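Reader: Please take a close look at one part of this model and tell me what surrounds it. After that, work outward to other parts worth checking, and keep it plain.

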Amino acid sequence: MPAEANNSPLLQFGPFQLDVQACELRKGDTLLHLAPQPCKVLALLASRPHKVFTRQEIQREIWGVETFVDFEQGLNVAIKQIRNALCDDAETPRYIETLPRRGYRFIAEVDGQPATAASAPHAPPEALRPSSYRRPLALAISLALVVAAAVLVWRMGRIPGRTPPTHIQSLAVLPLENLSHDAEQEYFADGMTDELITDLAKIHALRVISRNSMMQYKGKRKSTPQIAQELNVDAIVEGTVMRSGDRVRITAQLIEALNDRHLWAETYEGDLHNILALQNEVAAAIAKEVKLKLSAQEEIHLANARPVNPEAHEAYLRGQYRLHGMAAEATDTLKSQSIEKAIDYFQQALTHDPNDALAYSGLAEAYFDLSTSYRAPLEVMPKAKAAAVRAIELDDSLAEAHSSLGYVALTFDWDWVRAEHEFQRALELNPSLPRAHAGYAEYLLFKLGRADEAIQELQRAYALDPLLPIAHVDLAWLSFLARRYKESIDTAQRFGHDDHILALSYAELGQRDQAVAAADRAVSSTRNPVILSQIAAAYALAGRPDKARAMLPAIEGQARERYVCGFNVACVYAALGDKAQAFSWLGKAYLARSD
């Protein structure tokens with residue numbers, strides 16, 4: 001005979017307490033992280049201890065009969081996550097017992113407070129019902145739910161450790177977990193993370209950490225307070241994504257960083273045609289939960305998302321994965337190949353949808369990234385410009401496209417007015433876009449000579465992307481170019497990966513021994529001709545022209561085989577006092593429109 005259902009909103013077993021309504025699991029005063037779906041499964045099992053639930057019953061109660069998800073795999077993942085949270089063992093269980101070919105049952109004793117008058121004896125709590133079951137109810141039941149909610153709010157104020165949420169002004173989105181556990185789908189999970197970050201970053205009242213810095217936490221088990229402290233944010237968003245055919249399910253939960261406290265969780269389902277609308281819905285819900293007042297423009301953006309061609313969007317996501325994921329992790333020799341592959345995917349997207357603004361924006365960024373070290377600017381920068389212009393024609397709200405066009409105007413067209421306009425437009429659309437802050441910093445320094453403002457702008461980029469020096473612009477380098485050599489040294493030492501900049505700064509300060517030592521460390525760790533040229537210049541400035549000249553044949557050899565920025569080679573010859581060769585390489589740089 002099945003056990004009587006326990007309809008209390010609080011279920012206690014062993015050292016654990018499960019709040020069914022809030023879908024929160026605690027051990028003592030510690031909130032344990034458990035995704036919404038596993039939490040619902042645990043609540044179902046614990047609400048009727050010792051009852052055997054078949055897999056079909058769990059599917060009906062939690063996933064619903066209309067679900068598209070691979071249920072068998074989803075339930076296996078949920079049970080595993082529950083056992084991890086409870087430190088339970090499938091072989092010698094204390095809480096969840098598996099009955100082969102039958103199902104699961106909760107075997108621990110459960111204590112709960114008496115059910116309220118609003119409890120339905122045999123209906124699963126609202127937190128357990130699949131979204132397809134949620135229909136308008138009769139007035140009497142609605143009133144009962146209002147009473148239950150009032151009781152819950154009153155009780156929340158009395159539970160020890162409960163405090164009102166702090167004012168959230170900054171957050172970070174952890175990489176969404178790929179529930180398919182298929183390595184081939186990692187690009188999709190990362191793409192969903194990236195698009196959610198982009199949507200949230202367009203909300204001006206929020207500071208949102210960039211994708212580049214968030215991917216360092218993928219697959220790592222750090223506590224929420226630790227991550228929040230490292231990134232200096234008020235809240236963390238974490239969740240999962242599962243794709244089955246043309247259907248997608250995203251779960252997301254919001255965690256207050258200060259108290260490691262769960263604030264909100266929800267599940268969203270949709271098809272690939274409306275994936276952008278699904279992402280917007282998640283972002284809008286998060287904005288609502290953190291009590292942000294959206295501007296009219298932000299509300300319009302989150303309410304209006306065009307349908308996408310699924311094949312085009314899939315190719316776009318694969319391109320983004322190659323451009324931002326694999327290229328960022330690759331060695332220098334493999335980065336260009338990864339960027340080239342990203343370009344192939346963006347072009348595939350355009351064969352499926354010739355008016356895909358996102359694909360054009362991705363192309364613009366990829367072509368520009370190639371021009372920085374791998375391909376001649378005259379070969380790829382016109383392509384970057386054309387792609388950025390077309391992206392903006394199709395969708396003027398794409399901050400990334402405006403940023404790419406700003407970089408083209410600054411470093412290739414030498415169109416200062418256009419560069420300023422595009423960077424400012426990008427930041428107007430997305431104030432949390434580090435790449436736009438970094439580009440505007442370069443504009444402020446190189447065109448206007450406003451070093452203080454440039455460094456402040458780059459520091460804003462650092463606040464959004466602590467890994468920015470690895471991915472893009474280096475504050476130590478910017479300080480060096482501003483002739484603030486002591487600041488450059490302090491910054492380079494703080495980040496610990498800029499020995500070539502240290503060497504140049506020490507040399508300019510006349511500290512020759514330190515300059516040579518830093519150059520010796522740097523020369524053994526790179527084959528990049530730009531960095532090698534900077535190291536050679538540092539040797540020359542530090543009184544070691546022999547070491548500088550010894551490096552020139554290898555640098556010039558690379559220049560005969562691939563694009564090498566002539567300006568950097570000219571700097572080596574200038575430091576050696578060879579004016580003829582310096583002017584020769586400067587002429588080559590000018591004709592190549594090197595940046």
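Author: Two residues are in contact here when they have heavy atoms within 4.5 Å of each other. The model is a predicted one, and the part I take is Ser488, which is found in helix α20, residues 485–495. Not counting residues up to four places away in sequence, Ser488 touches Ala476, Ser479, Phe480, Ile501 and Ser505. One of these pairs can be put in distances: Ser488 and Ala476 are 12 residues apart in sequence, and their C-alpha atoms are 4.4 Å apart in space. Ser488 has a relative accessibility of 1%, so it counts as buried, the cut-off being under 20%.

Ala476, Ser479 and Phe480 from that contact list fall within the residue range of α19, 475–481. The loop between α19 and α20 holds Arg483. Is Arg483 buried or exposed? Arg483 is exposed, because its relative accessible area is 68% and the cut-off for exposed is over 50%. The backbone of Arg483 has a phi near 65°, a positive value in a residue other than glycine.

Another loop residue can be read in the same terms. Cys87 lies in the loop between α3 (71–86) and β6 (96–99). Its phi is near 55°, again positive and again in a residue that is not glycine. With a relative accessibility of 56%, Cys87 counts as exposed.

Back towards the starting point, α19 is also reached from Gln534. Gln534 sits in helix α23, residues 529–541. Neighbours within four places in sequence aside, Gln534 is in contact with Trp477, His500, Leu504 and Asn568. Trp477 is numbered within the range given for α19, while Asn568 is numbered within that of α25 (566–576). Gln534 has a relative accessibility of 10%, so this residue counts as buried.

That contact with Asn568 leads on to α26, since the buried residues of α26 pack against α25 and against α24 (545–561). Which residues of α26 are buried? They are Ala582, Trp585 and Ala589. Viewed down the helix axis, the buried residues of α26 fall within an arc of 70°, so they line one face of the helix. The other side of α26 carries Lys579, Ala580, Phe583, Tyr590 and Leu591, which are exposed. The length of α26 (residues 579–591) can be checked too: at 1.5 Å a residue its 13 residues should span 18 Å, and its end C-alpha atoms are 18 Å apart, which agrees. Just after this helix, Arg593 takes a positive phi of about 55°.

Helix α16 (residues 434–446) has 13 residues and reaches 18 Å from first to last C-alpha, close to the 18 Å expected at 1.5 Å a residue. As for burial, α16 is mostly covered, with 12 of its 13 residues buried. Among them are Arg435, His437, Tyr440, Glu442 and Tyr443.

Towards the other end of the numbering, Arg26 lies in strand β3. Arg26 is buried, as its relative accessible area is 14%. Leaving out residues up to four places away in sequence, Arg26 touches Pro15, Phe16, Gln17, Leu31, Leu32 and Arg261. Leu31 and Leu32 also belong to the lining of the second largest cavity, together with Cys23, Glu24, Leu25, His33, Leu34, Cys39, Gln253, Ile255 and His262. The elements that give two or more residues to this lining are β3 (24–27), β4 (30–32) and β13 (247–256). By type, the lining residues divide into seven nonpolar, three polar and one charged. The space in this cavity is about 60 Å³, and the structure holds six cavities of 30 Å³ or more.

Last, the chain as a whole. It has 26 helices and 14 strands, and 53% of its 595 residues count as buried. Of the contacts between residues at least 6 apart in sequence, 61% join residues at least 24 apart.

How values were computed:
Residues numbered from 1 in each chain as written. Predicted model: local features only at pLDDT ≥ 70, side-chain atom pairs only at ≥ 80, totals over all residues. Heavy atoms only, no water. 1 Å grid on protein atoms, 1.4 Å probe; cavity = no way out; pocket = protein on both sides within 12 Å on 5 of 7 lines; lining within 4 Å. Points joined across faces, edges and corners; volume = space filled by probe spheres on them. Helix = DSSP H or I, 4+ residues; strand = E, 2+ residues; numbered from the N terminus. Nonpolar A, V, L, I, M, F, W, Y, C, P; charged D, E, K, R; others polar. Expected span 1.5 Å × (residues − 1). Buried < 20%, exposed > 50% of the residue type's maximum accessible area, 1.4 Å probe, protein only. Arc of directions from axis to C-beta.
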